[in-house]
Amino acid sequence: MIGVIDYGAGNLGNVVRALNYLNCRTRIITGPEDLTGITALVLPGVGAFASGVEGLKSRELFHPLKDFISSGRPFLGICLGMQLLFQESSENPGLEGLAIFPGSCERFCPAEAGKVPHMGWNNLRVKKNNNLLLQEDLYLYFVHSYYLPVNPEILLASTTYGGQRFMSAVNREMVWGLQPHPEKSGRRGLKILRNFVEVVNGDSNSRNRS
Amino acid sequence: MLTKRLIPCLDVKDGRVVKGQQFINLKDHGDPVEMARAYNQAGADELVFLDITATREKREIMREMVLQVAACLFIPFTVGGGITSIEDFRSLIAAGADKISINSAAVCTPGLISRAAAKFGSQAVVVAIDGRRRGSGSWEVLISGGTEETGLELVDWAREAQDRGAGELLLTSMDRDGSRDGYDLEMLKAVNQAVSIPVIASGGAGSPEHLYQAFTEGEADAALAASIWHQDSYSIKEGKEYLAERGIPVRPVDEELLEEDNDGRK
């Protein structure tokens, strides 16, 4: 069972609908007690970094999520959910995120980027073949004003907007982050979610065997 | 590179599509779910559903339609027509709409823009503006489907809508709407230079060249069209190929999708 975290930050309905469409069973997680029996987690979200952190803390999910990730079970952060995996954001300086990955989110500069937020379909340059992103070049749907500067150690794919290259997908072991919205990116996006579900199934099978 | 978006607009009455492209393989051209799927396969980047009934008692039908569409369409879609309250926003977003478009209600109650943006995020708030030229470099905002004058200067209103928290503007030229003579490029450019949020061009598209002009001279971020696709003059794929050949970045139409007739579940 895949848990989808509800911390008051927006569009979790679309993520749940997409996973259900792929015949995947989901449970909405609103507190630590919901995590029992969960094999993988998805952290969706739109909105501000601070309200994301506060939303997780007020539901007593902040530390349980860090523990869940440390246990090595599959985890996917989408949009704000990816940004929350990092240490902090210039949106709310001094407030620590889940800090699974090093680095800080920066705001697109309107003078250089033009229109902010970065909204629409943009392409990802996938760095290496991976369980989630198999293609070299694909288009996905983005809506965000903050970005993660490239860190080669966790970079899975990069995207460029207004001259700024940033990380559109990150990965280390069983933790993935996607800046675009796979649940809103048509067939290509659904494929990524299906790949995640397959990773989850493979992981729980191997855990059951051992 | 961020691509320019092509957005078909579907008119919906009593939960049925009343104007839309006549796709060959569809059993029921009035079914919003079938139409949404067909446009998705044809390469649309987003969809707009415009409720032309928009009476109180029909609201529930629209919500039902949004629920059905969201359960099987996984590209962004906007719902507009007759939205007047935060409760309308809440109900349609919970049903699965990504963005809500407001027009007359935004003019009559500008505070609705900021309240909706604070509650659902700017990305969910599209302010639709209908403009009519009143002289060189000046356009008046019309409401109630273009029947009522407001005295508002269009560029000023566009700027105010942005300042109040709109995430996107849907700009329709009432002079060009339905004409197929091309978008009002001067109007588009004037608004695009006044705001820093995305602007969707609407009203007047009749050929791929008009789309090209909207993105170049008009500086638009997206182009909405109804009759150019509805009457099957050009496919979205032809439009995108025309644009790509001329250096406009577009999301390529997924060939794999075009060849399939299933729903993508494998």
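Reader: Which residue forms a salt bridge with B:Asp156?
Author: Keep in mind that this is a predicted model. Look at helix 6 of chain B, residues 154-163: the two partners sit three residues apart there, so about one helical turn separates them. Their closest N and O atoms are 3.7 Å apart, which fits the cut-off of within 4 Å. The partner of B:Asp156 is B:Arg159.

Reader: Is B:Asp156 buried, partly exposed or exposed?
Author: Buried would need under 20% relative accessible area, and exposed would need over 50%. B:Asp156 has 45%, so the label that fits is partly exposed.

Reader: Which residues do salt bridges that share partners join into one network?
Author: Here we stay in chain B. Some salt bridges share partners, and that links their residues into one network. The members are B:Arg5, B:Glu46, B:Lys99 and B:Glu168.

Reader: How far apart are the closest N and O atoms of B:Arg90 and B:Glu87?
Author: Both residues belong to helix 3 of chain B (residues 86-95), and because they are three residues apart, about one helical turn lies between them. B:Arg90 is partly exposed at 39% relative accessibility, and B:Glu87 is partly exposed too, at 44%. Their side chains form a salt bridge, and the closest N and O atoms are apart by 3.0 Å.

Reader: What separates B:Glu60 and B:Arg63 along helix 2 of chain B?
Author: These two side chains meet in a salt bridge, at 3.5 Å from N to O. B:Glu60 is partly exposed, with 44% relative accessibility, and B:Arg63 is partly exposed at 25%. Since they are three residues apart in helix 2 (residues 59-70), the separation is about one helical turn.

Reader: Which residue of chain A meets B:Asp98 in a salt bridge?
Author: Now we cross between chains. Side chains of opposite charge can pair when their charged atoms come close. The rule finds two salt bridges across the interface of chain A and chain B. In one of them, B:Asp98 has an N to O distance of 2.8 Å to A:Lys184.

Reader: Which element gives the most to the side of chain A that touches chain B?
Author: Several elements of chain A supply at least two residues each, among them helix 1 (12-21) and strand 7 (118-126). The top contributor gives seven residues, and that is helix 6 of chain A.

Reader: How much area do chain A and chain B bury between them?
Author: The size of an interface is often given as the accessible area lost when the parts come together. Here, 29 residues of chain A are in contact with 42 residues of chain B. Carbon and sulfur atoms account for 52% of the buried area, which comes to about 2900 Å².

Methods
Residues are numbered from 1 along each chain as its sequence is written. Chains are lettered from A and ligands numbered from 1 in the order in which they are written. This is a predicted model: local features need pLDDT of at least 70, side-chain atom pairs count only at pLDDT 80 or more; totals for chains, interfaces and linings use all residues. Side-chain values use heavy atoms; hydrogens and water are left out. Helices (H or I, at least four residues) and strands (E, at least two) are DSSP runs, numbered from the N terminus. Buried means under 20% relative accessible area, exposed over 50%, partly exposed in between (1.4 Å probe, protein chains only). Contact means heavy atoms within 4.5 Å. Buried area is the accessible area (1.4 Å probe) that two parts lose on being put together, summed over both.
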